[in-house]
Amino acid sequence: MTRRIPKIQAETLSLLPDRFKAWFVARGWSPRAHQLALLEKAREDASALLIAPTGAGKTLAGFLPTLVELSTETAERKAAEKQSLVSTGRGVQRTGGLHTLYISPLKALAVDIARNLERPIAEMALPVKVETRTGDTPVSRRQRQRRYPPDVLLTTPEQLALLLSSDDAPFLFSSLKRIVLDELHALVTSKRGDLLSLGLARLWRLAPQMRAIGLSATVAEPEQLARFLVPQPDGEERAADIVVAGGAAPPEVEMLDTRERLPWAGHSARHALPEIYELIKANKTTLVFVNTRSQAEMLFQNLWSMNDDGLAIALHHGSLDVAQRRKVEDAMSAGRLRGVVCTSSLDLGVDWGDVDLVVNIGAPKGSSRLMQRIGRANHRLDEASRAVLVPANRFEVLECRVAIDAIAENAQDTPPLRTGALDVLAQHVLGCACGEPFLSDELYAEVRTAAPYAELSRQDFDDVVDFVASGGYALKTYERFARIKQDKEGRWRVANPKVRQSYRMNVGTIVEDDMLKVRLVRSRGGGTGATGVIARGGRLLGEIEEAFIEGLSPGDTFVFSGEVVRYETLVEDQVYVSRAHDKDPKVPSYMGGKFPLSTYLAERVRRLLDDGRAWGGLPEQVRDWLSLQKDVSKVAGVRELLVESFPRANKHYLVCYPFEGRLAHQTLGMLLTRRLERARARPLGFVANEYAVAIWALGDLSSMIRNGRIDLNALFDPDMLGDDLEAWLAESALMKRTFRNCAIISGLITRRHTGEEKSRRQVLFSTDLVYDVLRKHQADHVLLRAARADAATGLLDLRRLSDMLMRIHGRITHRELDRVSPLAVPVMLEIGRESVYGEAADELLAEAADELVKEAMDRSG
């Protein structure tokens, strides 16, 4: 049931105790209607999902029922508590039990929420004890929390899994009355959400009285999200009540209409640097969001080099050392920074103080993600958040335009609820056995109460249990894969104490990239980089991917942690660097951080292109670009696929424009290349960006299409997702990489052991060996199924590709051209640029762009 809150009713306001009313008045506030609505839901003993924008007081709303209940305990409970006071030799401890559990996707958010809760608790003198529990919490405190839990415990999904795997979990959670899930929209879209859902299923069994409150930004399908918060009975769908906050001022979002020449391709937005700097200068605090850590390093370096006014500008991304990130966060909260260049590391709801402008560099990729970022500005419900979008190229102008329109309509594009992953289920099964022995029938019934696993078949469940027990049919002879065993009563328990210890050291679903620690030292050998030339130790700057360092030689320079450093040497897992002043450093290329273009925005971009009248709202440079494309080739309709072919530099090119995102396009490019090989077109390679795919070949593609040797409808037939896909996956390194992640998450291969951590090469060898054995001897193994499912929904984006192939079937338009078209220039510029870094990449790209643009615009031949 969805409930929109029109106004505060007197009877609802009466739910708030006098001391709470006085506190609101003392701060010059009034309780918001949705905050009181959650109090009402708690009184009704109902779970609830609160949908509210940033600045609406979601956090206080989520905790208000807990604070009220703990502050208005009955005299009987207080008397009972007096009887339960126990002396520990260090004073008196209260044993009232854990009342509320708060789950956050970020450790920093849990710490920030604890700090924000302490103020009302102290100011109202509430008898409430709040503590955090993260990976940074000292072991002694974690042990004390299990014996003498606080009233409110703030933690993460991984820590919840650890607590549930302990044999005292029934004692710890028996008193639990409420769980608050913050930023729920961000949690449920990944395997962390799967792990959390299984934790909820266990909590519903241990504490049947527990009710859930979900806190979320606006999402496309709140009803699906609300299912996550309540147990799903067999064969039915249930959902928590939905409360939608109102009264938020609409955001003010505009696109930078640059005074400079807008690039045809590239992602750096260097053309707009002076204008970005002026925006920072004109505002009190500005967050400058980029989509990748590489972009963050480069943009920060560029802004710093032009910072003649000495503005306090900082850098924040996930690979920086935690101490440096906390330093930046504290400076933001204190209002000491004028600008922060950041990635998604600041997407979620930590309150960073008085941010009055958000600048988003590049395409937003999704309207919901963009709205989340915009919400970082002005944490007040009745004031508009301000944002400026800075497209880095002409295609990104289209994406920014439709994103602004979507925000004006409050249109959302959050993904639907996931189907629970089997490798995560395997980890949970092992965790359950670590806590207490279980019966398969009982655990199966429990797991299916979790929304992502509501449709789990008994066969899949039994296969997972068999995998945890033996490794599966193909691995049964290896004793180390037997992690649980069945006793005489049929209960499954851990095979030995080492299994329990290994589980606790490897819990979680985040498979970290192979990272090396970067330490800044003073070079004493002129940058030779020989081991022993530098002083050991040094200040920790953060972590960098091993693959990037493998491509460097001692003396090479690169940008990291906002400064130019020289690579000196690598000793074990430590990269030693010294300061440098190179004007042409490399920029680390990180695996993470690239977001695909959302299906919803892709559809809107196609509609924009199809509607010539809507082009009037675009910058003049982009209008001219599209008009030229229309004159020399065509701009495709919404349900149409444009395919162009043309010769260039002794090769022949085929370019198509599906507008379905880089992941789907990379899969399409690989499958098209295989089909063109069979047609003897002699393809040489392909590239893909968010909007298009380009394939080049030695064969005359235009002639082959014209003469019927290549049938475009057959080339793009949906049946490519059958045998062609399977044949490619069988020989692809992508499946090995995906399998490796599943093997680590499921616990089949462990990275961490007592006193040591497996190296990247050890993990690669182990997982590749197991992968080959399973493919040969048990092709339907549960981990291979999990890896295929991951590849289909993630790296391959098969659902989206399938939908596109069905949409354009029979609607393909071919244009045979004598040279590159204006629309093809951006994807053509992707060729060969992957291996070029830093400013050199921009310069080479600019040179290539000038040549291609001149060619595209010269129609005299």
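## The six-stranded sheet

In this predicted model, an open sheet is built from six parallel-paired strands, laid out in the order β11-β16-β15-β12-β14-β13. The ends of that row are β11 (252–255) and β13 (313–316), and each of these edge strands has a pairing partner on one side only. Going across the sheet, neighbouring strands are turned by 20 degrees against each other on average, with direction ignored.

If you want a spot to zoom in on, try the pairing of β12 (residues 286–289) with β15 (residues 357–361): these two run parallel and share four bridges. Phe-289 has Asn-360 in β15 as its bridge partner. There's also a helix sitting on this sheet: α17 (residues 394–408) packs against it, touching β11 and β16 (386–390). The direction of α17 makes about 165 degrees with that of β11.

## The five-stranded sheet

Another open sheet has five strands, in the order β26-β27-β25-β24-β30, and here the pairing is mixed. Its edge strands are β26 (683–688) and β30 (812–816), each paired on one side only. From one strand to the next, the twist averages 20 degrees.

Strand β24 (residues 641–648) runs parallel to β30, and five bridges hold the two together. Within this part of the sheet, Leu-642 stands opposite Thr-813 in β30. A helix lies across this sheet as well: α25 (residues 662–678) covers β25 (651–656), β26 and β27 (693–697), and it runs at about 165 degrees to β26.

## Aromatic pairs

Now for the rings. Searching the whole structure turns up 14 aromatic pairs. One of them is Phe-395 with Trp-625: the centres are 5.0 Å apart and the planes sit at 85 degrees, so this is an edge-to-face pair. Phe-395 belongs to helix α17, while Trp-625 belongs to helix α24 (residues 620–632), so the contact between the rings ties together parts that are 230 residues apart in sequence. Both Phe-395 and Trp-625 are buried.

These two rings also belong to a wider group. Ring pairs link Trp-264, Phe-395, Trp-625, Phe-659 and Tyr-691 into a cluster.

## Arginines over rings

A couple of arginines are worth a look if you like charges over ring faces. Arg-27 lies over the face of Trp-29, at 4.5 Å from the ring centre. Arg-483 does likewise with Phe-467, this time at 5.3 Å from the ring centre.

## The chain overall

Stepping back, the chain holds 34 helices and 30 strands. It has 861 residues, and 57% of them count as buried. Take the contacts between residues at least 6 apart in sequence: 75% of these join residues at least 24 apart.

## Confidence

How does the predictor rate its own work here? The average pLDDT over the chain is 85, and 87% of the residues score at least 70. Some stretches score low, though. Residues 526–534 stay under 50, and the model gives them 21 contacts beyond four places in sequence. Residues 834–844 are also below 50, with 17 contacts in the model beyond near neighbours in sequence.

Notes: Residues numbered from 1 in each chain as written. Predicted model: local features only at pLDDT ≥ 70, side-chain atom pairs only at ≥ 80, totals over all residues. Heavy atoms only, no water. Pairing = 2+ DSSP bridges. Axes fitted to C-alpha atoms, helices over the stretch in contact; angles between N-to-C directions. Contact = heavy atoms within 4.5 Å. Phe/Tyr/Trp six-rings, centres within 6.5 Å; stacked < 30°, edge-to-face > 60°. Buried < 20%, exposed > 50% of the residue type's maximum accessible area, 1.4 Å probe, protein only. Lys NZ or Arg CZ within 6 Å of the ring centre and 35° of its normal. pLDDT = per-residue confidence, 0-100.
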